[in-house]
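Biologist: I have the picture open, and I'd like to know what stands behind each label. Can I quiz you on it?

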Amino acid sequence: MRLGFIGFIVLAAVSSASALAADANHGKELFLACAACHTEKADALGPSLKGIVGRKAASLDTFRYSPAMQRSNITWTEANLREYLMDPQTKVKGNRMPFSGMPNRADVDDLIAHLVTLK
Amino acid sequence: MVTKLNEVDCVIIGVGLTGAMLAKEMTMAGLTVVGLERGPDRRPNEEFVLPRIRDELRYQTRMELMADNSVDTVTFRNTSDMTALPIRRWGAFLPGEGVGGTSNHWGGSHWRYLPTDFKIRSVITEKYGARAIPEDMTIQDWPVTYDELEPYYDKFDKLCGVSGKAGNLKGQKIEGGNIFEGPRSDEYPSKPLKSSAGALMVAEAAKSLGYHPFPAPFAAPSAPYTNIYGVTLGACEYCGFCGRNSCEANAKASGTINVMPVLRNEPKFQLRTHAFASKLNYDRQAKRVTSVFYTDMNTGEEYEQPANIVILAGFVFTNTQMLLHSGIGQPYDPRTGRGLVGKNYCYQFEAPATAFFENKNLSPFMGAPGDAVVFDDFNGESFDHTGLGFFGGGYVRAGSGASPPIGGRDVPPETPSWGSKWKAETVKWYYGVVDFNTQGSVYANRANYMDLDPTYKDSLGRPLIRMTYNGTENDHKMSAYLLTKVEACIKAMNPSVYEVRPRPKMFTVVPYQSTHNTGGTMMGSTPGNSVVNRYQQAWDAHNLFIMGASTFPQQPGYNPTGTLGALAYWSVDKIKSSYLNNPGPLVQA
């Protein structure tokens, strides 16, 4: 119990430190996995991610979103993006993105640091 | 009335993977290209998206991506004394239709043939004597070598973003890859996929028997990859719905995913869908094809499209049928052995086995064809055939991934096919199944061929293509030999139950076996032994090129797609470097 508690503190410290030290360059590398579908092209498989941070979910006219995403009523804050990227189907059940999520919290933070730069 | 259109530089019949690749290469060379596709357009962002793409009933069971049998099909009989009947619903093999063709729904098994496969007649004769090859085994050497094709294999790998592990890099054998393969100039573009739990069990068993297992090469990258045309591919997501379906993750190679996104932007390319090409206009005197006739399947209107270069890039049946309908070349006659169009039809000889493990959870609900392992110790001339009574061989492939909810329900032999007992057995075994498949060679036989059916016609009124095919004694012996290796491997794994399923003596067009049909417009060294030369240029019409597995003289023990892609690149390279400047035969007859 006691060990577990210490473990929790250590984990929390590590994760907040990694959030602070998020590496946008690493995030840019990770973004390659997203870029196979999320492009600016008209026939892209995923919606454009320009300006994604702070945008309301399912708000682009150019992309046909899933009903789940349309109903989600989410704004893509960094916190929401973090939860979504770690487990897309838990955050927005029934959404159509064929991606099972990123298990590593530090990777997610790095990716978000890159997403912030997409304007 | 036939509307005659303005001449273009090049017409390609069939906009599948090969057709799209060729259109891209020809437009890059500055040519105007028209692509005629019988089926509909297919756009991944409209059609291959969640959730519909995981509709197993729609795609796997009802086969939405396959050619429409009510428009055109194949008639079948086992032997030439039988009357053939049309295949009204695809079974053993599944030709696709629409932009992307069969590549939309293929399994992505991506292979090269062995260097010895390309000179098989010479190699067998040299090793086992001049009289070793049975008289009815009509195999012949390819007019092209592995070394000549290697750069084009490499290019095709880099189009598809193939994942895998090299076993022979520039002559250096590498443990963990396929040590029997020919030398590669480069590693696979992408690392192998993760192996399924069942595949890892098989790898261990195969190693204990002295075999050399390796991860199955797969035409989808394991990490994002940008291909030779600048198309970024996604990583395989192990969704489990590959077979008979396209890809939701923009990963599995196809004409639609790997080429069309850039080809659509090409101003010199014009795509015409629902365009059913019916006949080539052949000028026998000039030895040229002057135009292509096609019917718009939406309006019924007929068109004539003149062109400088005509490329057949359809399925094996379509390519062969087009020559027969157009009076190009001499139809093959099995009684006399004369004639070449339709000759050396081969159908890949596969035989499966299944091992059942009680109380094991192999997570079969996910996976991809690339999560299997293969051992290739008994393929082609990689092993000694002395005293075996057959030639050829094949690979053994096994794994536990990708068992979809309807189709992935293996149950042990003797289980009823419906009812409560079947349900109970399905539940009991679903998680613990390891599937094996042997993918064997087919060494052409003079009795197996294609010609035009005397009775049945397609929706345009043309005679259907007729296949006359049965597995030969050689094929059955080869397959039985491979199954003994499979059985040894299964026994080493100590399953609760297992079943080995040899092919029945009489071939039937159900159930599904493989879509690997080859031959009919075979390639060779002279007009006397082939329909096309080493650049897949028709001997009888120098501006007619035939691409695809219809040009294979026989079928080695691997899936054909890797080689037909390499051959397409090899041929189009020659068209660009020689033919465009100096139109005429690229090989003197």
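Biologist: Why is E499(B) called partly exposed?

Modeller: Count the neighbours: E499(B) has 17 other C-beta atoms within 10 Å. Buried takes 20 or more other C-beta atoms within 10 Å of the residue's own, exposed takes 12 or fewer, and partly exposed is what lies in between, with C-beta atoms placed from the backbone. So 17 lands in the middle band, and E499(B) is partly exposed. Mind that this is a predicted model, where local features need pLDDT of at least 70 and side-chain atom pairs count only at pLDDT 80 or more, while totals for chains, interfaces and linings use all residues. Residues are numbered from 1 along each chain as its sequence is written, and chains are lettered from A and ligands numbered from 1 in the order in which they are written.

Biologist: Where does E499(B) sit, and what does E499(B) touch?

Modeller: E499(B) belongs to strand β22 (residues 497-500) of chain B. Strands are DSSP E runs of at least two residues, helices are H or I runs of at least four, and both are numbered from the N terminus. Setting aside residues up to four places away in sequence, E499(B) touches A353(B), T354(B), P412(B) and P413(B). Touching means that the two C-beta atoms, placed from the backbone, lie within 7 Å. P352(B) is 147 residues away along the chain, yet its C-alpha atom and that of E499(B) are separated by 8.7 Å.

Biologist: What makes A402(B) count as buried?

Modeller: A402(B) has 25 C-beta neighbours inside 10 Å, which puts it over the cut-off for buried. The place of A402(B) is the loop between β18 (394-399) and α9 (419-429) of chain B. Its phi is positive, about 60 degrees, though A402(B) is not a glycine.

Biologist: Why point out a positive phi?

Modeller: Most residues other than glycine have a negative phi, and most peptide bonds are trans. H274(B) is listed with a positive phi too, near 55 degrees. H274(B) sits in the loop between β11 (269-272) and β12 (275-283) of chain B, and with 17 other C-beta atoms within 10 Å it is partly exposed. As for cis bonds, one joins L50(B) and P51(B), with omega about 0 degrees, and another runs from V510(B) to P511(B), with omega near -5 degrees.

Biologist: How do you know that the buried residues of α4(A) line one face of the helix?

Modeller: Helix α4 (residues 78-86) of chain A has L81(A), Y84(A) and L85(A) as its buried residues. Seen down the axis, they fall within an arc of 95 degrees, so they line one face of α4(A). That arc is taken over the directions from the helix axis to the C-beta atoms. The cover over them includes α5 (88-91) and α6 (105-117) of chain A.

Biologist: What makes α2(A) roughly perpendicular to α6(A)?

Modeller: Helix α2 (residues 24-35) of chain A packs on α6(A) at an angle of about 90 degrees, with the axes 7 Å apart. Axes are lines fitted to C-alpha atoms, for helices over the stretch in contact, and angles run from 0 to 180 degrees between N-to-C directions. Under 35 degrees is roughly parallel, over 145 roughly antiparallel, 65 to 115 roughly perpendicular, and the rest oblique. The angle is inside the third range, so α2(A) is roughly perpendicular to α6(A). Among the residues making the contact are L30(A) and F31(A) of α2(A) and L111(A) and H114(A) of α6(A).

Biologist: Why is helix α8(B) called mostly covered?

Modeller: Nine of the eleven residues in α8 (316-326) of chain B are buried, including F317(B), M322(B) and L323(B). Right after α8(B) comes G327(B), with a positive phi near 70 degrees.

Biologist: And what makes a set of residues a nonpolar core?

Modeller: The members are buried Ala, Val, Leu, Ile, Met, Phe, Trp, Tyr and Cys residues, joined through C-beta atoms within 7 Å. The largest core here has 168 residues, and I12(B), I13(B), L22(B), V202(B) and I311(B) touch the most other members. Helix α11 (residues 561-579) of chain B gives the largest share, nine residues. Apart from that core lies another, of twelve residues, among them V92(A) and V108(A).
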